[in-house]
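Please consider the structure shown below, together with its sequence. The paragraphs that follow lead through its pockets, a sheet, the surroundings of its ligand and some points of backbone geometry.

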Amino acid sequence: MEHKIDHQDEPSGSNAALMGGTVEAEQPVASSSNKMKALFATLDEVPEALRIQDQLQQTKILVDGELREWKGDFHKVYSPILIANQESGATEKLQIGSYPIATTKESQEALDAAVNAYDGGRGAWPAMHINERIQNLNSFVAKMKTQRQQIVKLIVWEIGKTVADAEKEFDRTIDYINETVRSAKQLSNHTNAFQVTQGFIGQTKRVPHGIVLCMGPFNYPLNETFTTLIPALIMGNTILFKPPKHGTLLFEPLLEAFASCFPKGVVNTVYGRGRDIVPMLMESGKIDVLALIGSSRVADALKKMHPKSNRLKSVLGLDAKNAAIILPDADLKHTVKEVIAGALSFNGQRCTALKVFFVDKQVVDRFNQLLVEEMKHIEIGLPWQKGVTITPLAEPEKPAYLRGCIDDAVAKGADILNEADGGGAIYESFVHPTVLYPVNSDMKIYHEEQFGPVIPIVPFTTLSEPVEYIMNSPYGQQVSIFSQDTDAVSLLIDTLANQIGRINLNSQCQRSPDTFPFNGRKDSADGTLSVDEALIAFSVDSVVVTKQTPENEKLIQSILETGGSRRLTNQVSF
Ligand code: G3H
């Protein structure tokens with residue numbers, strides 16, 4: 001049975017309070033917490049297709065082409081989606097599976113396998129023509145597609161993403177892989193050409209860096225992991241792949257495909273506690289590229305562990321505190337819709353989420369009123385319920401952190417504007433979207449990346465206030481400007497273009513479409529990811545050049561005709 005939050009159908013005293021109604025004799029926050037508690041379903045109420053029939057005990061790790069049975073300790077995986085116990089009325093944690101807590105020994109074996117498979121660039125995978133690598137990848141995609149339902153289900157249970165968003169994540173990842181294949185062929189064909197200049201003739205192709213350590217984030221565990229892993233693979237690197245702490249089981253259905261579609265040692269998994277197993281990999285000096293979507297603190301620490309700092313390349317997607325700047329002439333109705341999507345999609349757990357809102361004082365009251373009104377339509381519930389936006393948060397410690405941010409802001413003078421509708425309420429993994437106003441620089445929420453459904457609104461009088469905020473921020477990913485004022489928008493674009501990666505006009509911040517460069521300045525990123533640029537990030541120029549003499553031209557011609565070299569070739573990709 002589906003839980004629905006529908007004002008008309010709800011008996012008084014249930015979700016009505018949460019969504020804007022009132023319950024007599026109860027404090028709004030306490031009442032809303034109870035309503036959120038009531039949103040958790042019993043096991044029988046979970047739609048059949050999504051029910052956890054058996055826990056997923058992942059007992060294998062992929063090392064050197066082998067799915068090895070793990071005999072050591074296991075990490076128990078509990079879902080952020082609690083289960084209501086009909087008899088006791090309590091909500092309980094649900095274990096959905098477990099995965100190996102492997103040790104440095106297995107990480108070392110995985111590293112050795114990746115190093116051997118690369119073999120200084122002579123291994124089967126890096127030496128292969130890109131056409132053959134694409135064939136392997138196509139076989140992988142075909143197998144991956146057969147696992148869609150299971151992977152979607154695991155995304156839902158492991159991180160609480162709505163079914164619709166989990167499906168979108170899966171499909172977007174398949175599209176990304178297909179686009180990457182298209183782009184790789186184009187790149188390969190483009191680099192077939194020879195350059196003749198100043199008496200030299202040469203060909204420049206992209207070749208792999210070597211061993212890539214890929215670590216993705218919990219919020220897009222499949223998609224963002226694959227936006228580094230796939231381009232790294234297709235360019236001929238060998239991979240050590242550590243799944244995110246929350247969002248690990250969903251890779252289990254792909255292990256067999258990884259094992260069977262690629263030569264041994266090309267893709268290896270690294271399971272275990274990051275702090276125990278990753279330092280050893282970095283300290284080995286054998287990692288050529290660190291591909292991490294996560295926190296700048298972790299990236300910073302890992303990079304420092306590498307003994308050869310000039311050799312290590314980094315592809316990093318890190319912290320962000322994207323600002324919305326709302327000018328007095330903005331179309332407020334439209335702006336409010338974008339703000340809500342920007343702040344609350346997947347509970348605000350997106351690196352690209354809007355996380356601080358500067359609103360011109362002339363319109364801030366009207367903006368707040370429209371925002372609070374519109375937020376009454378935000379549905380809170382379980383991932384399989386239609387139209388739901390707010391679902392249980394994936395990180396167990398996050399609700400307490402957000403409670404701290406909200407309390408700190410309130411203690412320093414902010415109001416919870418939507419308190420009557422449930423703002424500020426928290427029950428276990430559910431955090432009600434909360435609008436804080438007025439927010440100022442004394443408050444934690446002004447500075448810190450909340451990565452959750454809290455909307456801090458900062459009133460401003462002059463444009464220099466949001467501009468200074470961005471200039472002084474350690475982050476520089478994106479900004480959203482809401483206005484139709486040509487002069488003001490032009491000024492903001494020119495002022496901010498050298499501070500941040502992407503400027504969104506009258507729309508929320510986001511990564512997509514994946515063909516646009518996705519990057520950041522300062523502590524927000526290192527390198528650019530987009531379908532095309534990721535291929536460049538995971539490869540390096542290799543030039544073969546000679547003086548343009550008849551003998552040398554003849555030699556090149558002969559190599560091309562005989563197909564004697566895998567590198568010096570003009571073989572076309574279709
Ligand atoms: O967490 C960051 C994601 O890359 C955001 O992607 O903006 O398309 O949701 P998105």
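Two strands, β4 (74–78) and β6 (91–92), each contribute at least two residues to the lining of the second largest pocket. The model in which this pocket is found is a predicted one. Of these contributions, that of β4 is the largest share of the lining, at four residues. In total, 22 residues line the second largest pocket, and those nearest its centre are Y78, S79, P80, K93 and P396. Its volume is about 460 Å³. Sorted by class, the lining comprises nine nonpolar, six polar and seven charged residues.

The strand β4 also leads to a sheet. Together with β1 and β7, β4 belongs to an open sheet of three strands, in the order β1-β7-β4 and with mixed pairing. Because β1 (56–57) and β4 each have a single partner strand, they stand at the edges of the sheet, and one side of each is left without a neighbour there. In general, the strands of a sheet pair through backbone hydrogen bonds, in either a parallel or an antiparallel manner. Here β4 and β7 run antiparallel and are joined by five bridges. Within this part of the sheet, K76 stands opposite S98 of β7.

From β7 the path continues to the largest pocket, which has a volume of about 1500 Å³. Its lining is made up of 45 residues, and G294, S295, R297, V298 and E395 are the closest to the centre. The elements that give two or more residues to this lining are β7 (95–100), α10 (274–283), β13 (289–293), α11 (296–305) and α14 (398–411). Among these elements, α11 gives the most, with five residues. By class, the lining of the largest pocket divides into 23 nonpolar, 10 polar and 12 charged residues.

What surrounds the ligand? The surrounding residues are R172, N219, Y220, E224, R350, C351, T352, Q510, R511, S512 and F518. This shell divides into three nonpolar, four polar and four charged residues. Several of its side chains approach oxygen atoms of the ligand. In the case of Y220, an N or O atom of the side chain is 2.4 Å from a ligand oxygen atom. For E224, a polar side-chain atom lies 2.5 Å from an oxygen atom of the ligand. For N219, the distance between a side-chain N or O atom and a ligand oxygen atom is 2.8 Å. On its own the ligand has 310 Å² of accessible area, of which the protein covers 96%.

One residue of the shell, S512, also takes part in a point of backbone geometry: a cis peptide bond joins S512 to P513, with omega about -10°. P513 is placed in the loop between β26 (502–505) and β27 (521–522). A cis peptide bond is also found between Y437 and P438, where omega is about -10°. P438 lies in the loop that runs between β22 (434–437) and α15 (444–447).

What is the phi value of F346, which is not a glycine? The phi of F346 is positive, at about 40°. F346 is located in the loop between α12 (332–344) and β16 (354–360).

How values were computed: Residues numbered from 1 in each chain as written. Predicted model: local features only at pLDDT ≥ 70, side-chain atom pairs only at ≥ 80, totals over all residues. Heavy atoms only, no water. Near = heavy atom within 4 Å. Polar contact = N/O pair within 3.5 Å; in protein donor to acceptor, adjacent residues only side chain to side chain. Areas by Shrake-Rupley, 256 points an atom, 1.4 Å probe, with all protein chains shown as cover. Nonpolar A, V, L, I, M, F, W, Y, C, P; charged D, E, K, R; others polar. 1 Å grid on protein atoms, 1.4 Å probe; cavity = no way out; pocket = protein on both sides within 12 Å on 5 of 7 lines; lining within 4 Å. Points joined across faces, edges and corners; volume = space filled by probe spheres on them. Pairing = 2+ DSSP bridges.
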